[in-house]
Amino acid sequence: MCSRGVWQMKHLLIRFCNTGGSSAGTRDYLERFLVPFATANPQIQISVERVWGRHPIARATYLQDGEKTLSLRGLSAEMVVKQIKYLRDCRPIRLRKFDKPFRTSPSIQGEWEQGQSLARPHRTILCE
């Protein structure tokens, strides 16, 4: 994602296993799509790490907001392309809660008390 003309993603790490079946799509992505992605995005430093016996992941590091990691387990090469583009275009901003958990101002109707009874009973009107 570009914020004020500055791309936020600065580093991309792709980890995969050279023999694992869940890494087949990631290996195919590295052979066919990584070089065009790297030439189209020169602002991103790309690292590829081969790890034995682990599922493939993609970890993106951003300028201001830290890291975001996505699993590439069992995905095809085209789905890995979508995940990498998603990492490039997003920012890992955590959700912020703006509301207070409880009201600080008193209620207009007064406080509720357990077992409170009404001053006068209700009337039930039946329509026939």
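**Figure 1. Gln8, a polar residue tucked away in a loop.** In this predicted model, Gln8 has a relative accessibility of 4%, so it counts as buried. Look for Gln8 in the loop between β2 (6-7) and β3 (9-16). What does its side chain have for company? A polar atom of the Gln8 side chain lies 3.3 Å from the backbone oxygen of Val6.

**Figure 2. The whole chain, for orientation.** Before going further into the close-ups, here's the layout: the chain has 3 helices and 6 strands. Starting at the N terminus, the elements come in the order β-β-β-α-α-β-β-β-α. How much of the chain is buried? Of the 128 residues, 27% are. Take the contacts between residues at least 6 apart in sequence: 68% of them join residues at least 24 apart.

**Figure 3. The β5-β6 hairpin.** Strand β5 (residues 57-62) pairs with strand β6 (residues 66-71) in the antiparallel sense, over 6 bridges. The two strands make a hairpin, with 3 residues between them. To get your bearings, find Ala58, which stands opposite Leu70 in β6. It also helps to remember that side chains in a regular strand alternate between the two faces of the sheet.

**Figure 4. Glu49 and Arg15, a salt bridge between two strands.** Side chains of opposite charge can pair when their charged atoms come close. Here Glu49 and Arg15 form a salt bridge, with 3.1 Å between the closest N and O atoms. Glu49 sits in strand β4 (residues 45-50) and Arg15 in strand β3, so the pair ties together parts that are 34 residues apart in sequence. Are these two residues buried or partly exposed? Glu49 is partly exposed, at 32% relative accessibility, and Arg15 is partly exposed as well, at 27%.

**Figure 5. Glu78 and Arg32, a salt bridge between two helices.** The side chains of Glu78 and Arg32 meet in a salt bridge, 2.9 Å from N to O. Because Glu78 belongs to helix α3 (residues 77-89) and Arg32 to helix α1 (residues 24-32), the pair ties together parts 46 residues apart in sequence. Glu78 is partly exposed, with a relative accessible area of 44%, and Arg32 is partly exposed at 42%. Keep Asp28 in the frame too: Asp28, Arg32 and Glu78 are linked in a network of salt bridges.

**Figure 6. Arg88 and Asp89, sequence neighbours in a salt bridge.** How many salt bridges turn up in the whole structure? A search finds 5, and one of them joins the side chains of Asp89 and Arg88, at 2.9 Å from N to O. The two partners fall on opposite sides of the 20% cut-off for burial: Arg88 has 17% relative accessibility and counts as buried, while Asp89, at 38%, is partly exposed.

**Figure 7. The largest nonpolar core.** Nonpolar side chains tend to be buried together in soluble globular proteins. The largest nonpolar core here has 20 residues, and those touching the most other members are Leu12, Ile14, Tyr29, Ile84 and Leu87. Two or more residues come from each of β3, α1, α2 (34-40), β5 and α3. Which element gives the largest share? That's α3, with 5 residues. For a look at one of the core residues, try Ile14: leaving aside neighbours within four places in sequence, the contacts of Ile14 include Tyr29, Leu30, Leu34, Val48, Ile57, Leu72 and Ile84. Glu49, the salt-bridge partner of Arg15, is also among the contacts of Ile14.

**Figure 8. The buried face of helix α1.** Which residues of α1 are buried? They are Gly25, Thr26, Tyr29 and Leu30. Seen down the axis of α1, these buried residues fall within an arc of 140°, so they line one face of the helix. They pack against β3, α2, β4 and α3.

**Figure 9. Thr26, buried in helix α1.** Thr26 lies in helix α1, and its relative accessible area is 0%, so it is buried. What does Thr26 touch? Not counting residues up to four places away in sequence, Thr26 touches Ile14, Phe16, Pro56, Leu72, Leu75 and Val80. Ile14 is a familiar face from the nonpolar core.

Notes:
Residues are numbered from 1 along each chain as its sequence is written. This is a predicted model: local features need pLDDT of at least 70, side-chain atom pairs count only at pLDDT 80 or more; totals for chains, interfaces and linings use all residues. Side-chain values use heavy atoms; hydrogens and water are left out. Two strands pair if DSSP finds at least two bridges between them. Helices (H or I, at least four residues) and strands (E, at least two) are DSSP runs, numbered from the N terminus. Buried means under 20% relative accessible area, exposed over 50%, partly exposed in between (1.4 Å probe, protein chains only). A polar contact is a pair of N or O atoms within 3.5 Å; within protein, one must be able to donate a hydrogen and the other to accept it, and residues adjacent in sequence count only if both atoms are side-chain atoms. A salt bridge is a side-chain nitrogen of Lys or Arg within 4 Å of a carboxyl oxygen of Asp or Glu. A nonpolar core is a set of buried Ala, Val, Leu, Ile, Met, Phe, Trp, Tyr and Cys residues joined through side-chain atoms within 4.5 Å. Contact means heavy atoms within 4.5 Å. The arc is that of the directions from the helix axis to the C-beta atoms.
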